[in-house]
Structures are given as C-alpha cells and as structure tokens.
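Here are a few short exercises to help you find your way around a new model. Try each task yourself before you read the solution.

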Amino acid sequence: MSERTETESRKLLGRLREVLAESSAGQARLDRITHLIASSMGTEVCSIYLFRDEETLELCATEGLNPESVHQTRLRIGEGLVGRVAKTSRIVNTADAPSAKGFRYMPETGEEIFSSFCGVPIQRLGENLGVLVVQSKEARDFSLDETYALEVVAMVLAEMTELGAFLGDNAAMQARHHQSVMFRGGSAQEGAAEGHVWLHEPRVVVTNPIAEDPEVELQRLHEAVDQLRVGVDKMLDGAAGGDKEQLQVLEAYRMFANSKGWMRRMEHDIAGGLSAEAAVEKEQTTARTRMEQVTDAYLRERLHDLDDLSNRLLRILTGQGSETGAELPTDPILIARNIGPAELLEYGRGLKGIVLEEGSVGSHAAIVARALAIPLVIHADRITTEALNGDHIMVDGDHGTVHLRPDETVVTAFRDKIAMQAQAQQRYASIRDKTATTLDGVTIGLHMNAGLMADLPSLDNSGAEGVGLFRTELQFLIRNQMPKRTELAQLYSRVMDAAHGKRVVFRTLDIGSDKVLPYMAPQEEPNPALGWRAIRVGLDKPGVMRMQLQALLRAANGRPLSVMFPFIAQYEEYTKALEEMEKAKERERVLGHPLPETLEVGAMLETPSLGFAPQKFFEEVGFLSIGGNDLKQFFFAADRENERVRRRYDTLNVSFLTFLEGIVNRCNSTSTKTPLSFCGEDAGRPIEALCLAAMGLRTLSMRPASIGPVKSLLRRSNLSEVRQVIVEARERGDQSVRPAVMDYLRGQS
Ligand code: PEP
Ligand code: MG
C-alpha cells in the first residue's frame, strides 16, 4: 500500500473520530461527515444514502447536492447508480456518470453538472445499510487509494449506523432496530409464544472502529490471532483420532488462522486507520458478500469457516460473545442461524420459543424442539441481523410467522390467541385422568411419543397410558461419539423407572435418511429417504444393533420389555431382526443377567409393502405400529421433508384411509388379533385421530401436548356415525373425507 493511502485514509478517519466524538444530534453529525469527506477528497459532492426499508434508499445527508432534496430523494434498490451499488454490493467508479449503465437523473438534486461518480456500499457483515457517494465536476476516475479510503470510511459509517449514532430528529432515520418487523418462515413445531429475544450468538458490537494508534491496534491483532491459533490447535488436539469430517473442518480453520493473505489484509486496514476489530469485521463483511454470490457448495462452506473464525477473533478482541454477561430473560425466545441438538438441549425447557434462519423440519434441532414441545419457526430469513437481545418478540409456530418488536394491534391479537390456547389447556387438564371413550362406548388407548429423558414427566402430566414410541436415535444424534452400552443401559433403565410400570415401546436405532450420525461416515446416496436407513443399516452392520438390544435387555433387569424395529419392508427383515434379539437374549443369559419378565417384539409398518406381507407375518409379529409419517410419504410418493409436496396429499384421502383399514382388518384376522397402533404425527391431530379411530385403530401414539385435544374430541364423538360419514364419502367418490367429516362435526357442535 502506498504511503499516500495510509496517510489519506488515516487522516480522514482521524477527523471523522473527532466529529463522532462531538455530542451533536444525528442529522448534524451526518452533515458534518459529508462536509468532511468532500473536503478531504477534494470533491464537490459527498452524499450518504441509507436504507429506509428493505427496498428504498433515502438521501440522508449531502454536501454539494441541493439541500432541499435531503430526506426527499428516494431510490429503489437497483435504481440508478446508487441503487446499483446497493444491489450489487460493489463499488461503481466512473468518470462519466451520465453515460454509465443504469444512470438515472434526479432533477431535484441538481446533480446533472457532476461528471465523476464513485459510490461504495455501506455494509456490515453482509447486511446492506446504505451507500456513500462522492461526485465531482471534473471527469476523473477515482484512484485505488481514494476508493480504499472511501471503503474504510463506509465501514466506520456502518458501525456507527448499527450503533444508532445517526438516530435523531427525523422519523425516516429511525434505526431499523427500533421498527417492528414480521418474518414469514416455516413451521417446524406448532404453538404460540411471547417473550424476549435471546441471541444464541450475540452480535459483537464494535464501539471503537477507528484506531487511535495503529501500532497498538496491530499489536492487539497479533495477540488475538496468536490466541486464536492456540485455540484452534487445542481443538485439533482434542479431536485427534476422532471423526474425519470434524478434523477436516478444524484443519480448514487452522489453514485460515495461519493464512498470510488474511493477516495482511487486516494489517493493511489497520494501517489505513481502522481499529483491530473493525479490520476483522471488514474482512468478514467481504467474505459474507462473496458467500452470497458463490454457488459452489464447497467454497461456500470454506467461506462459512472463515466467517466463524472471524467471529471467534472478534470475541477475543472485544471480550464479548456467548459470555457477554447479559442475563437470560425469564421468557427467552432463542434466535440463531442454526443450532445443534446438543446445544438446544442445554437450554432445555426454559425456552419459550425458537426461531432459526436456516434449519429444516427434519433437522435434529427440530426433532428436539418437538420433543420439548417448544414452538419452532425455521427459515426466518435475516432474523439474526434484525433482532437484538431483549427485543420483544412473538412466535406463531402454527403459521411459521414471527413478529419482532410487534406493535399494539399485533400484540393484542396474539395475546388473545395465547389466552384461548391456555383456556383449552385447562379444559384438557380436567379430563386428564379420564379415558378416551367415545359417545358410543369405544375406548381408544392414547400413548405418547418420546425420545429424551426430559419427556418422561409428560407421561403423568398428559395422562398418556404409556410411551407408544420411544425414538432411541435422539440419544445417538446428540452425541459426538457412539454411546457406550453401559451408558445406554443406564439411560433406558431410568426411562423405565420414570414410567413407573407404564408400557414403553423402545424403537431400535432409526438412522439414515435425514437422521445422520455426526460420527458415522455420511453415505452419498442419490435418494437417502429410499436408501440405507433404519433396519437396513441395523442388519447390514449389526454391531450397533446388538449393543443396543443388549443395553435394552439389561436395562429391563427382569422387568417387562417392549421393542420394535423400524422400517420393516418385508417379512424376512423382521425374522432376521428377531434372530438378533434371540442372540442378544442368549448372550445376556450366558452372562448371568436376568431376562425380561415378558418380551414383546414388534415392527413398524412404514412402507406399503408390509401391508401386503404374507399372513404368516401378521400371525408372528408381536405387534405392529404404523409409522404414518413415512408410510404416507411412500404411499403418495411425496417427500415428507419437501415443503413443495409434503402437504399436497391429505391424510384423510380415501385411498390412504382405505389402505389403513386394510391393515386393521389383516391384524384383526389373525388368531392373536395382532395389536396395532399408529404413531405418526397425524395421530396427534384431532380430526385425523378421529378418522383413524373410525377406521378401526384402537391405539394412537402422539406428542404429549396433543393428548388433551385428541381425547377431548374423541369423548365428544360418536365413532360409528363418523365411520358412516366416511363410508358415504367413499361411496360418493370424494377424494378426501375431510370436508364431509368437518361438515358433520360442525353440525354436532
Ligand atoms: C413415522 O415415520 O411415522 C415415525 C413415527 O417415525 P419417524 O417420524 O421417527 O420417522
Ligand atoms: Mg419413520
């Protein structure tokens, strides 16, 4: 870098610091800044445009353009040269602005006499805040040194905008962080929650973007980077011999932490007048901008790594971060880009709601949120940049919407909804100890789905008769390494203790498809949902399944035990799995451990094929549980994870109900009347549950929170009448029985 740049930008920043230190109001401050930049750069014009909303830029201060146009001139993003800078996040530098692509003449500003134009984005960590522009009459290209100085100033302006330094008299300039914003995302767990924002990774706030003494800042940077490198090395040592993927990520971290180019660019920015943290952020901003433009997945990952590393460095430099000293609010709503299941479990049930920028319905975080019954909204784009710790927030998990800093009307409507839900909960509590017996005397067994120790208290609170599905994979998913047999045995034993003799059906490890263990080599499969998953993995690599079966037998320690195998698609898979169980029993017997008093072994029916298995299978299997989530996706060939198709086919579609009825009939036709239950998400939806019961299902297993609503409807219904409505709809040729059933229910109330 030339001497001139260093002194140019440093001098400019030095003067800027003085202006920022003055206690002037927001507008006066902006005016002083534009004046200062124009005179330092030797240009007639300097203007600052800030975003008024996501789409509109507003001229907020100018030196040289018509002062009357301040707060009057507005541009849409992409419009004119200023809009182009904002849209592309790239500098526009031209000696002949009127001939440049996209030029738009704005008569009110009086800018027609200016020929040269240089605009740089005001951005912070991938967030566009505005545009800084200089213009001059003389036709000249601005030099690299000059554009660099402008970039550095824009960086400082971004920091100051973030801090609200330009907040002031004018309503148009109210900082975005004070406005109410609504986000439309996706629903991953229903429920409504009101509370205050708790950022999983609070944004680091840089309060001193300008260096007082570059030497000191350089030293601070070097010390922080040293500390960072030591930290990364330690992580690498800790991970040695462990998972290959994790090692690869850490190696990439180390590479970046030692990257000379990265270091040189930050040193350059400090020499240009920025503080150490502002220099780190400037690099991070560049990386984020690139990230948005890069489509190559590998490269994006690497840029992500660099972003994470910059965050660590910022935390070291500022002493901020996860341990900011901020107090968790009493009603925290967690906001994060994404979060792992283990981290989510650490927060536990204390959370009122969760909003993620990324995530998916089938992600592990979603599974945990569902298990904890915490409303979860995913794909809330940019919420981590909009929300501040402590902001008032309302989460509507039913519709996938989030209201940040909501205004009065939203607050009132939302609270009404929460109050109605609370009232309903009270009603459900009053029938907790009653059976789910319909008006015509049919009793349906309502059980709950679980997967964590933390779920067990719900067994009593919800009035569930038992645990109809215990998803054992959660224990595998939330760890960084394969759990040990003794660990699992202890856990299963505690689950049985907590169930106080109520039946718990343990499902053996169901991995693959969307559930990928962090410590198992990922499989490159063209279609994982149809791939190597669940029992297929268990039978091909029986080591883990054997270990798990032994852990279950040992945990039972003589008590009754129920185990089912997931995703059985044909008879032989069941017999093979059963053989494994026999072997496990034999091993336990030889070792002198007591065997369960009774052992029920069942299968999950999750593929249509099993519905057509030989009669012998239905005779032999201990019990069957319909995994409706998977069964439905295969029945309709519609991916349960794909937002585009997952709601396309109704569970109450006549074909699906008829198929289920067929399975009921097959179970009822055996000599033992094979016990059958349904444990997919649909069991927890009252109308669906009612129709399942009408089709002959007598046991349903669902999320604990659904037991009240389902029981309430069943107790008010006449099952044979509902069945009649369904039969008539089918005879009429209706596609789904839903409209007819809804009509009937409306007539009843
Ligand atoms: C199902 O498929 O319905 C089921 C209960 O299993 P999971 O949702 O865990 O795949
Ligand atoms: Mg399933």
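## Exercise 1: the eight-stranded sheet

Task: work out in what order the eight strands of the open sheet run, and which stand at the edges.

Step 1. The eight strands line up as E7-E14-E13-E9-E10-E11-E12-E8, forming an open sheet with mixed pairing. Strands here (E, at least two residues) and helices (H or I, at least four) are DSSP runs, numbered from the N terminus. Two strands pair if DSSP finds at least two bridges between them.

Step 2. Look at the ends of that order: strand E7 (181–184) and strand E8 (186–189) each have a single partner strand, so one side of each is left without a neighbour in the sheet.

Step 3. From one strand to the next, the twist averages 25 degrees. Such angles run from 0 to 180 degrees between N-to-C directions, with axes that are lines fitted to C-alpha atoms (for helices, over the stretch in contact).

Step 4. Zoom in on one pair: E13 (residues 392–396) and E14 (residues 401–404) are antiparallel over four bridges. Val395 stands opposite Val402 in E14.

Before you go on, a word on the ground rules. This is a predicted model, in which local features need pLDDT of at least 70 and side-chain atom pairs count only at pLDDT 80 or more, while totals for chains, interfaces and linings use all residues. Residues are numbered from 1 along each chain as its sequence is written, chains are lettered from A and ligands numbered from 1 in the order in which they are written, and side-chain values use heavy atoms, with hydrogens and water left out.

## Exercise 2: the six-stranded sheet

Task: find the order of the six strands in the other open sheet, then find which residue is the bridge partner of Thr56.

Step 1. The order is E3-E2-E1-E6-E5-E4, and the pairing is antiparallel.

Step 2. E3 and strand E4 (92–94) are the edge strands, each pairing on one side only. The average twist between one strand and the next is 25 degrees.

Step 3. E2 and E3 are joined by three bridges in the antiparallel sense. Follow Thr56 across to E3 and you land on Arg76, its bridge partner.

## Exercise 3: salt bridges

Task: look at the salt bridge between Arg74 and Glu58 and say which parts of the chain it ties together.

Step 1. A salt bridge is a side-chain nitrogen of Lys or Arg within 4 Å of a carboxyl oxygen of Asp or Glu. For Arg74 and Glu58, the N to O distance is 2.9 Å.

Step 2. Arg74 sits in strand E3 (residues 74–76) and Glu58 in strand E2 (residues 56–63), so the pair ties together parts that are 16 residues apart in sequence.

Step 3. Are the two buried or exposed? Glu58 is buried at 1% relative accessibility, whereas Arg74, at 36%, is partly exposed. The cut-offs are under 20% relative accessible area for buried, over 50% for exposed, and partly exposed in between (1.4 Å probe, protein chains only).

Step 4. Arg52 joins in too: Arg52, Glu58 and Arg74 are linked in a network of salt bridges.

Step 5. Now try a pair within a helix. Glu580 and Lys583 meet at 3.6 Å, N to O; both lie in helix H19 (residues 571–590), three residues apart, about one turn of the helix. Glu580 is buried with a relative accessible area of 8%, while Lys583 is partly exposed at 38%.

Step 6. Searching the whole structure gives 41 salt bridges.

## Exercise 4: the ligands

Task: find which residues coordinate the magnesium ion, then see what lies around ligand 1.

Step 1. Glu606 (OE) and Asp630 (OD) coordinate the magnesium ion (ligand 2) at 2.0 to 2.1 Å. Donors are N, O and S atoms within 2.8 Å of the metal (3.2 Å for Na, K and Ca); water is not among the atoms, so sites may look incomplete.

Step 2. Glu606 is in the loop between strand E20 (599–605) and helix H20 (608–611), and Asp630 is in helix H22 (residues 628–635), 24 residues apart. Both are buried.

Step 3. Around ligand 1 there are 14 residues (each with a heavy atom within 4 Å). Arg507 is among those that come nearest, and an N or O atom in its side chain is 2.8 Å from an oxygen atom of ligand 1.

Technical notes. Polar contact = N/O pair within 3.5 Å; in protein donor to acceptor, adjacent residues only side chain to side chain.
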